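Me: I've got a model open and a pile of labels I'd like to understand. Can you walk me through where each one comes from?

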Amino acid sequence: MERKGIKIIKGDVEEIVNGLNKALADEWLAYYQYWLGEKVVKGKFREEAAKELAEHAGDELKHANMLADRIIQLGGTPVLKPEDWYKLTNCGYDAPSDPAVIPILKQNIKGEQCAIEVYQKLVEKLKDKDPVTYYMVLSILKDEIEHEDDLINLLEDIQ
Ligand code: FE
Ligand code: FE
Ligand code: MG
């Protein structure tokens, strides 16, 4: 049966789904980067950093949930294979190969700044086309800005 919730969208639904799937790939890579960072981080201020990394990992997983649910609601399919995360990602993955607090914070700040750009572009694209996805993406953007802020504040406290 035709879905009114999809019909009201002004714009290419497939294109919206593709943008959301790219963001979904980013969120899984960001989740893993934080999740692993929390485990391997060491040195001075390790506890403060680990606490923040763990919190952000949880938020990125929530973002992945929101994106996947909306993709399905729009009649799309969330990216099915982890190997496709690398094909779709906007922001890539930075392995925490140096476990010291400062390089880990810097890697994740870079990731957040990329995420902010990605979601800002999505917000602009969706603004007059799909208010429901727009609102969701806006709330993710708000979280990413908070993540960047938290990490920069922590880095500045340490330095
Ligand atoms: Fe996120
Ligand atoms: Fe984030
Ligand atoms: Mg935080």
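**Buried, bound and stacked**

Reply: Sure. H63 has 0% relative accessibility, so H63 counts as buried. Bear in mind that this is a predicted model.

Me: What makes E144 buried?

Reply: The cut-off for buried is under 20% relative accessible area. E144 has 1%, so E144 is buried.

Me: How do you know which atoms are donors of the iron ion (ligand 1)?

Reply: A donor N, O or S atom has to be within 2.8 Å of a metal like this one. The protein donors here lie 2.0 to 2.3 Å from the iron ion (ligand 1), so they pass: E27 (OE), listed twice, E60 (OE), H63 (ND1) and E144 (OE). Along the sequence, the donor residues follow the spacing E-x32-E-x2-H-x80-E.

Me: Which residue coordinates both the iron ion (ligand 1) and the iron ion (ligand 2)?

Reply: That's E60, and the two iron ions are 3.9 Å apart. The site also ties together distant parts of the chain, with H63 in helix α3 and E144 in helix α6, 81 residues apart.

Me: What coordinates the magnesium ion (ligand 3)?

Reply: E52 (OE), H56 (NE2) and D150 (OD) do, at 1.9 to 2.3 Å. Their spacing in sequence reads E-x3-H-x93-D.

Me: Why are E52 and H56 separated by about one helical turn?

Reply: Because they are four residues apart in helix α3. Both E52 and H56 are buried, too.

Me: Why is the pair W28 and W85 called stacked?

Reply: Rings pair if their centres lie within 6.5 Å, and planes under 30 degrees apart count as stacked. W28 and W85 have ring centres 5.4 Å apart and planes at 5°, so the pair is stacked. By the ring rule there are four aromatic pairs. W28 sits in helix α2 and W85 in helix α4, 57 residues apart. Together with Y31, W28 and W85 form one aromatic cluster.

Me: Why is W28 called partly exposed, and what makes W85 buried?

Reply: Partly exposed runs between the 20% and 50% limits. W28 has 30% relative accessibility, so W28 counts as partly exposed. W85 comes in at 19%, under the 20% cut-off, so W85 is buried.

Me: What about T133, buried or exposed?

Reply: T133 has a relative accessible area of 0%, so T133 is buried. T133 is found in helix α6. Leaving aside neighbours within four places in sequence, T133 is in contact with I16, L20, R70, L74 and L126.

Me: How do you know which side chains make a polar contact with T133?

Reply: A suitable pair of N or O atoms has to be within 3.5 Å. The T133 side chain makes such a contact with the R70 side chain at 2.8 Å and with the D130 side chain at 2.4 Å.

Me: What makes up the largest nonpolar core?

Reply: It has 26 residues, and L20, L24, L67, Y119, L122 and V137 touch the most other members. Helices α2, α3, α5 and α6 each supply at least two residues of this core. Another core lies apart from it, with 15 residues, among them Y31, V101, L105 and I109. As for the general background, nonpolar side chains tend to be buried together in soluble globular proteins.

Me: And what is L122 in contact with?

Reply: Setting aside neighbours within four places in sequence, L122 is in contact with G19, A23 and V137.

How values were computed
Residues numbered from 1 in each chain as written. Chains lettered and ligands numbered in written order. Predicted model: local features only at pLDDT ≥ 70, side-chain atom pairs only at ≥ 80, totals over all residues. Heavy atoms only, no water. Core = buried A, V, L, I, M, F, W, Y, C linked by side-chain atoms within 4.5 Å. Buried < 20%, exposed > 50% of the residue type's maximum accessible area, 1.4 Å probe, protein only. Contact = heavy atoms within 4.5 Å. Donors = N, O, S within 2.8 Å, 3.2 Å for Na, K, Ca; no water. Polar contact = N/O pair within 3.5 Å; in protein donor to acceptor, adjacent residues only side chain to side chain. Phe/Tyr/Trp six-rings, centres within 6.5 Å; stacked < 30°, edge-to-face > 60°.
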